[in-house]
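Colleague: Got a minute? Put the model up and walk me through the fold.

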Amino acid sequence: MSDHSDTGNLSKSKSVHISKIEALVKTGDIVLFKSKNSLSGLQRIATGTNWDHIGMVVRRSESLYDIIEATGDGVQMYPLINRLEIYNQSLMAEIAIRQLSGNIPTTFTDDIVKFFEKVEGKPYELTTKKILFKEGLKNYEDRS
């Protein structure tokens, strides 16, 4: 895994073994994924990004780290290390962490858990059609 915590320069990343990741992450950190499949490659081209999937870390106790994701199964929370190991085995070309910075309120973790409880199980509704329509609409508005 790469640590992309320096948001100004992504080339200054360092590699970290998945088993050590819990020593580095905290609630609010974003896990970035670059999938190996060609459909995800097309998604990266359409969105103009290097990443095609993300999750957010939630540290619910000293020993319990989870990741919140929106997938085809809807919005779900999974144990962080297990999820990263599954993804790393065959699905992802690259996994990186973008660390949250700044003054973080003490209630932040509780707020994230409350947010998850509201959205858990809801379907993931971003589709290629929505991305293309939004971009097409933006281009149309720019010409007006």
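Modeller: Sure. The chain has 4 helices and 7 strands. Keep in mind that this is a predicted model.

Colleague: In what order do the elements run from the N terminus on?

Modeller: They go β-β-β-α-β-β-β-α-β-α-α.

Colleague: And what share of the residues counts as buried?

Modeller: 33% of the 144 residues in the chain. The exposed area comes to about 9400 Å². Carbon and sulfur atoms supply 53% of that area.

Colleague: What about contacts with a separation of 6 or more: what part comes from residues 24 or more positions apart?

Modeller: 58% of them.

Colleague: Let's do the sheet pairing. What does β4 pair with?

Modeller: Two strands. β3, residues 30-35, pairs with β4, residues 53-61, in the antiparallel sense over 4 bridges. β4 is also joined to β5, residues 64-71, by 6 bridges, again antiparallel.

Colleague: Give me some register markers. Which residue in β4 stands opposite phenylalanine 33?

Modeller: Histidine 53. For the β4 and β5 pair, use glycine 55, whose bridge partner in β5 is glutamate 69.

Colleague: How many residues does the hairpin between β4 and β5 go through?

Modeller: 2 residues. A hairpin through 2 residues also joins β5 to β6.

Colleague: So how do β5 and β6 pair, parallel or antiparallel?

Modeller: Antiparallel, over 6 bridges, with β6 spanning residues 74-79. A marker there is isoleucine 67, which has tyrosine 78 as its bridge partner in β6.

Colleague: Switching to packing. Which residues touch the most other members in the largest nonpolar core?

Modeller: Ile21, Val25, Val31, Phe33, Leu80, Leu84 and Ile95. The core has 17 residues. β3, β5, α2 (80-91) and β7 (92-98) each give two or more residues to this core. α2 supplies the largest share, with 4 residues.

Colleague: Is there a general reason why such cores form?

Modeller: In soluble globular proteins, nonpolar side chains tend to be buried together.

Colleague: Which residues sit in the second, separate core?

Modeller: That core has 8 residues, including Met77, Ile112, Val113 and Phe116.

Colleague: Back to phenylalanine 33. What does that residue touch, leaving out residues up to four places away in sequence?

Modeller: Quite a list. Trp51, Asp52, His53, Ile54 and Gly55 are among them. So are Ile67, Glu69, Leu84, Tyr87, Met92, Glu94 and Ile95.

Colleague: Now charges. How many salt bridges are there?

Modeller: The count comes to 5 salt bridges. One of them links the side chains of arginine 44 and aspartate 52, at 2.4 Å from N to O.

Colleague: Is that pair buried or exposed?

Modeller: Both ends are buried. Arginine 44 has a relative accessible area of 15% and aspartate 52 has 10%, so each falls under the 20% cut-off.

Colleague: Where does arginine 44 lie, and what is around that residue?

Modeller: Arginine 44 lies in helix α1, residues 38-47. Apart from neighbours within four places in sequence, arginine 44 is in contact with Lys34, Ser35, Thr49, Asn50, Trp51 and Asp52.

Colleague: What does lysine 26 form a salt bridge with?

Modeller: Aspartate 29, with the closest N and O atoms 3.6 Å apart. Lysine 26 is partly exposed at 31% relative accessible area. Aspartate 29 is buried, at 0%.

Colleague: And the bridge between glutamate 62 and arginine 59: how far is it from N to O?

Modeller: 3.0 Å. Glutamate 62 counts as exposed because its relative accessibility is 67%, over the 50% cut-off. Arginine 59 is partly exposed, with 28%.

Colleague: Last topic, the surface. Which residues form a nonpolar patch there?

Modeller: Leu39, Leu42 and Ile45. Together they have about 360 Å² of accessible area.

Colleague: Which element holds leucine 42, and is leucine 42 buried or exposed?

Modeller: Helix α1 holds leucine 42. Leucine 42 is exposed, with a relative accessible area of 54%. Arginine 44, also in helix α1, is buried at 15%.

Terms used
Residues are numbered from 1 along each chain as its sequence is written. This is a predicted model: local features need pLDDT of at least 70, side-chain atom pairs count only at pLDDT 80 or more; totals for chains, interfaces and linings use all residues. Side-chain values use heavy atoms; hydrogens and water are left out. Buried means under 20% relative accessible area, exposed over 50%, partly exposed in between (1.4 Å probe, protein chains only). Contact means heavy atoms within 4.5 Å. Two strands pair if DSSP finds at least two bridges between them. Patches are made of residues with over 30% relative accessible area and no salt bridge: like charges are joined within 9 Å, nonpolar side chains (Val, Leu, Ile, Met, Phe, Trp, Tyr) within 5 Å. Accessible areas come from the Shrake-Rupley method with a 1.4 Å probe; for residues, only the protein chains shown count as cover. A salt bridge is a side-chain nitrogen of Lys or Arg within 4 Å of a carboxyl oxygen of Asp or Glu. A nonpolar core is a set of buried Ala, Val, Leu, Ile, Met, Phe, Trp, Tyr and Cys residues joined through side-chain atoms within 4.5 Å.
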